[in-house]
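Student: I'm new to this one. Could we go through it together, and could you tell me the reason behind each label?

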Amino acid sequence: MSVQSLDIISVNLWQILISLANLLIIFLVLKKFLFKPVQAVFAQRQAQVDKLYGDAESDRKAASGMKQEYENRLATAREEADGIVKNAVQTAQRKGDSILSDANAQASRIKQKAEEEISMERRQMLMDVRSEISDIAVSIASKVVQREVHKEDHDSFVDEFIKNVGEDK
């Protein structure tokens with residue numbers, strides 16, 4: 001039994017060399033037919049991933065550029081809106097000032113016309129008063145001529161004149 005147990009444990013150099021040769025042949029065959037196509041697939045996938053990352057980076061840069069352009073346009077739009085509001089306020093102020101000056105001018109014209117009318121009415125009233133006074137004077141003079149004037153007559157003429165002036169108004 002001791003011989004058989006040595007055969008199991010013994011080392012056969014030819015068998016080791018053949019196993020190594022088999023391993024080398026399998027390695028070369030796998031390298032030729034398996035590793036190179038697999039590495040080509042890996043390289044292709046790596047190229048696709050690199051392309052995706054490159055596209056994503058270019059899209060990110062484009063989006064950043066578009067964001068900057070949008071912000072610039074927004075700022076410009078805000079400035080234009082502020083300018084439009086400012087112009088509208090100025091236009092409204094000018095129109096308000098124009099309306100106010102027109103109203104003041106019209107009020108001045110109306111006031112001047114009213115003063116002229118008052119002046120004309122005053123002149124007309126003075127002319128009417130003068131006419132009435134002259135009529136009364138003529139009336140008094142005709143009564144004086146008709147009779148002799150005494151102090152009592154004179155007082156009665158004055159009282160009558162005052163009464164007539166009060167009644168005409």
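Student: Why is Arg60 called partly exposed?

Tutor: Arg60 has a relative accessible area of 48%. Buried means under 20% relative accessible area, exposed means over 50%, and partly exposed is in between (1.4 Å probe, protein chains only). So Arg60, at 48%, counts as partly exposed. Keep in mind that this is a predicted model, where local features need pLDDT of at least 70, side-chain atom pairs count only at pLDDT 80 or more, and totals for chains, interfaces and linings use all residues. Residues are numbered from 1 along each chain as its sequence is written, and side-chain values use heavy atoms, with hydrogens and water left out.

Student: What makes the contact of Arg60 and Glu57 a salt bridge?

Tutor: The term needs a side-chain nitrogen of Lys or Arg within 4 Å of a carboxyl oxygen of Asp or Glu. For Arg60 and Glu57 the N to O distance is 2.5 Å, so the pair fits the rule. Arg60 and Glu57 are three residues apart in helix α2, which means about one helical turn separates them. Glu57 is partly exposed too, at 33% relative accessibility.

Student: How many salt bridges are there by this rule?

Tutor: The count is three. One of them joins Glu69 and Arg73, with the closest N and O atoms 2.8 Å apart. Those two sit four residues apart in helix α2, so they are also separated by about one helical turn.

Student: Why is Arg73 called exposed, but Glu69 partly exposed?

Tutor: Arg73 has 57% relative accessibility, so it lands in the exposed class. Glu69 has 39%, so it is partly exposed.

Student: How do you know that helix α2 is a helix, and where does it run?

Tutor: Helices are DSSP runs (H or I, at least four residues), strands are runs of E (at least two), and both are numbered from the N terminus. Helix α2 covers residues 13-146, so it meets that minimum. The protein chain has three helices and zero strands, in the pattern α-α-α.

Student: Which share of the protein chain is buried?

Tutor: Buried residues make up 2% of its 169 residues.

Student: Last one: why does Ile26 qualify for a nonpolar surface patch?

Tutor: Patches are made of residues with over 30% relative accessible area and no salt bridge, with nonpolar side chains (Val, Leu, Ile, Met, Phe, Trp, Tyr) joined within 5 Å and like charges within 9 Å. Ile26 has 48% relative accessibility, so it passes the area cut-off. Its patch partners include Phe27 and Leu30.

Technical notes: Areas by Shrake-Rupley, 256 points an atom, 1.4 Å probe, with all protein chains shown as cover.
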